[in-house]
Amino acid sequence: QVRGLCGTYNGNQQDEFTTPAGDVETSVTAFANAYRVSPDCAVLPPDPLDPCDAFAERREDAEAACAVLLSPAFQ
């Protein structure tokens with residue numbers, strides 16, 4: 001039985017954003033905010049920055065890393 005920020009790993013994509021309380025969130029930010037361990041942790045804004053826009057200079061590095069995950073070794 002797996003749940004948390006890595007998902008449920010049960011093949012059902014409808015319950016991937018299950019919170020610690022057992023609710024299923026529909027937005028990424030609400031889901032991530034449900035896992036804050038301390039009230040001192042910052043609350044994510046409703047629309048987080050797109051990583052490709054925020055870190056455009058790292059795009060080549062990200063594509064290289066994704067290529068490894070998409071390689072036959074992980075099929």
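A residue counts as buried under 20% relative accessible area, as exposed over 50%, and as partly exposed in between. With that scale in mind, the tour of this predicted model begins at a cysteine.

Select Cys41. Its relative accessible area is 33%, so this residue falls in the partly exposed class.

Move next to Cys66. This residue is likewise partly exposed, since its relative accessible area of 42% lies between the two cut-offs. Now display the cysteine sulfur atoms: the structure holds zero disulfides. Cys66 takes part in none, and the nearest cysteine sulfur, that of Cys52, is 8.6 Å away. A disulfide requires a pair of cysteine sulfur atoms within 2.5 Å, so that pair does not qualify.

Switch to a cartoon of the protein chain. Three helices and zero strands appear, in the order α-α-α from the N terminus on.

Reduce the view to the C-alpha trace and turn it along its principal axes. The trace spans about 35 × 30 × 20 Å. The radius of gyration of the protein chain is 15 Å, whereas a compact globule of 75 residues would have one near 11 Å.

Colour the chain by accessibility. Of its 75 residues, 13% count as buried. Show the surface as well: the protein chain exposes about 6,400 Å², of which carbon and sulfur atoms supply 58%.

Then display contacts between residues at least 6 apart in sequence; 10% of these join residues at least 24 apart.

Finally, select the charged side chains. There are 4 positive and 12 negative ones in the protein chain, and the centres of the two sets lie 5 Å apart.

Terms used
Residues are numbered from 1 along each chain as its sequence is written. This is a predicted model: local features need pLDDT of at least 70, side-chain atom pairs count only at pLDDT 80 or more; totals for chains, interfaces and linings use all residues. Side-chain values use heavy atoms; hydrogens and water are left out. Helices (H or I, at least four residues) and strands (E, at least two) are DSSP runs, numbered from the N terminus. The radius of gyration is taken over C-alpha atoms; the globule rule is 2.2 Å times the number of residues to the power 0.38. Buried means under 20% relative accessible area, exposed over 50%, partly exposed in between (1.4 Å probe, protein chains only). Contact means heavy atoms within 4.5 Å. Accessible areas come from the Shrake-Rupley method with a 1.4 Å probe; for residues, only the protein chains shown count as cover. Lys and Arg count as positive and Asp and Glu as negative; His and the chain ends are not counted. The place of a charge is taken as NZ of Lys, CZ of Arg, CG of Asp or CD of Glu.
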